[in-house]
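This briefing goes through the fold of one protein chain and the surroundings of its ligand. Please keep the sequence and the model open while reading.

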Amino acid sequence: MPRSAVLQAPFSNPCRPRRSVLFMPASNARALEKARTLAADTLVLDLEDAVAPDAKDVARRQAAEAIAAGAFGRREVAVRINGTDTDWWAYDLRAVVKAGPDAILIPKVEDAGSVCLVADRMLRRGAPRSMALWAMLETPRAFLNADPIAASHPRLACLVVGTNDLSKGLQARQTVTREPVITALGLAMLAARAHGHAILDGVYGAIGDTDGLRVQCEQARDMGFDGKTLIHPSQIDTANAVFAPSRADVEDAGALIAAYEAAAEEGAGVATYRGRMIEALHVDDARRLIALSEAIAAL
Ligand SMILES: CC(C)(COP(=O)(O)OP(=O)(O)OC[C@H]1O[C@@H](n2cnc3c(N)ncnc32)[C@H](O)[C@@H]1OP(=O)(O)O)[C@@H](O)C(=O)NCCC(=O)NCCSC(=O)C[C@H](O)C(=O)O
Ligand SMILES: [Mg+2]
């Protein structure tokens, strides 16, 4: 590959910040209304586990009405439908696809077939090409099948890890630092990036524990996750701060690019910057970081 191509190599989802991805039960009209005022990058209107069986009809209707009414500004809006092992998911799609969410999130995906099943039904319901499909990995089998799931369909754009259901399935304890699920997080991360997808971390259930939330956000950011799924508005600021490049990060990235370009002018393919070896790959990463920072600023 010529060096110019390396320097401008594409990277996954360069311009869509997903630092904070807030779930809310679509049966909760107050939460749907409040979401329009919150600083979350993405909203997930839940039709699945946060909605009681008796409230599924109301939730579907409210989700569709809220999306059709709009006023979500630049926030991305996804709908989590019920799993393909239920009687509800097809009704969910029938209600919400025509309202035009940005994405449909399928919970408890265990194989490529269920992604294709939902994708086919979305097509039949008239979903535009721009409507993405996201898949939640939440069971031991899902993480073992992460690669075929990630490769399953061109509409698939994002993986989301469900660490509550995973911990249940593993009979693992939920700890702040997550050693019991770190292998699964790594498998999901490998599969997402191998196929150019975004990837979001699981929720942190201790709503008042900002320190614990920050630890998990920093861990996820360092692993490469794009952001964290959240359950309460009080968690948004922490996720937004941790997953955004700092001003110092952006300045450092700009200086690194300048140092590399100066060395490249001299015909070198490798240089040193602040005592570190830098190559074209570091320039790609610096460009990604700057692009993310600019996209956040544009919000
Ligand atoms: C957990 C909650 C039920 C708590 O609700 P509540 O008691 O109403 O909280 P507060 O009184 O502190 O709320 C303060 C105000 O904020 C609004 N609010 C609260 N939560 C949300 C929200 N998620 N989105 C939007 N707005 C929200 C309240 O309405 C109050 O507003 P105001 O009237 O102005 O005072 C509740 O937070 C909640 O339902 N959270 C989301 C639960 C959910 O969606 N769960 C599903 C996702 S979890 C998951 O996916 C796990 C995964 O599957 C896995 O396996 O790991
Ligand atoms: Mg779950």
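Helix α11 (residues 236-243) lies across β1 and β8 (227-230), and its direction is at about 170° to that of β8. The coordinates are those of a predicted model. The two strands under α11 belong to a closed barrel of eight strands, which runs β1-β2-β3-β4-β5-β6-β7-β8 with parallel pairing. On average, neighbouring strands of this sheet are turned by 25° against each other, direction ignored.

**Overall chain**

- The protein chain contains 13 helices and ten strands. Its radius of gyration is 20 Å, close to the 19 Å that the globule rule gives for 299 residues, so the chain is as compact as a globular protein of that length.
- Measured out along the principal axes, the C-alpha trace of the protein chain spans about 70 × 40 × 40 Å.

**Strand pairing from β2 to β5**

- Strand β2 (residues 42-46) runs parallel to β3, and five bridges join the two. Within this pair, valine 44 stands opposite alanine 78 in β3.
- Strand β3 (residues 76-80) pairs in the parallel sense with strand β4 (residues 103-106) over three bridges. Here arginine 80 of the chain is found opposite leucine 105 in β4.
- On to the next strand, β4 pairs with strand β5 (residues 132-137), again in the parallel sense, over four bridges. Alanine 103 has alanine 132, in β5, as its bridge partner.
- As a general point on strands, side chains in a regular strand alternate between the two faces of the sheet.

**Helical connections**

- Helix α4 (residues 89-96) joins with β3 and β4 in a right-handed β-α-β unit.
- Helix α5 (residues 112-124) makes a right-handed β-α-β unit with β4 and β5.
- Strand β4 is thus named in both units, with α4 in one and with α5 in the other.

**Surroundings of ligand 1**

- Ligand 1 is surrounded by 21 residues, and the closest are Phe23, Met24, Gly162, Asn164 and Asp165.
- At least two residues of this shell come from each of β1 (20-25), α2 (29-35) and α8 (163-170).
- By class, the residues of the shell around ligand 1 divide into ten nonpolar, five polar and six charged.
- Strand β1 therefore links two topics, because β1 supplies shell residues and is also one of the strands of the closed barrel.

Methods. Residues numbered from 1 in each chain as written. Chains lettered and ligands numbered in written order. Predicted model: local features only at pLDDT ≥ 70, side-chain atom pairs only at ≥ 80, totals over all residues. Pairing = 2+ DSSP bridges. Right-handed = clockwise from strand over helix to strand, strands pointing away. Near = placed C-beta within 6 Å. Nonpolar A, V, L, I, M, F, W, Y, C, P; charged D, E, K, R; others polar. Axes fitted to C-alpha atoms, helices over the stretch in contact; angles between N-to-C directions. Contact = placed C-beta atoms within 7 Å. Rg over C-alpha atoms; globule rule 2.2 N^0.38 Å.
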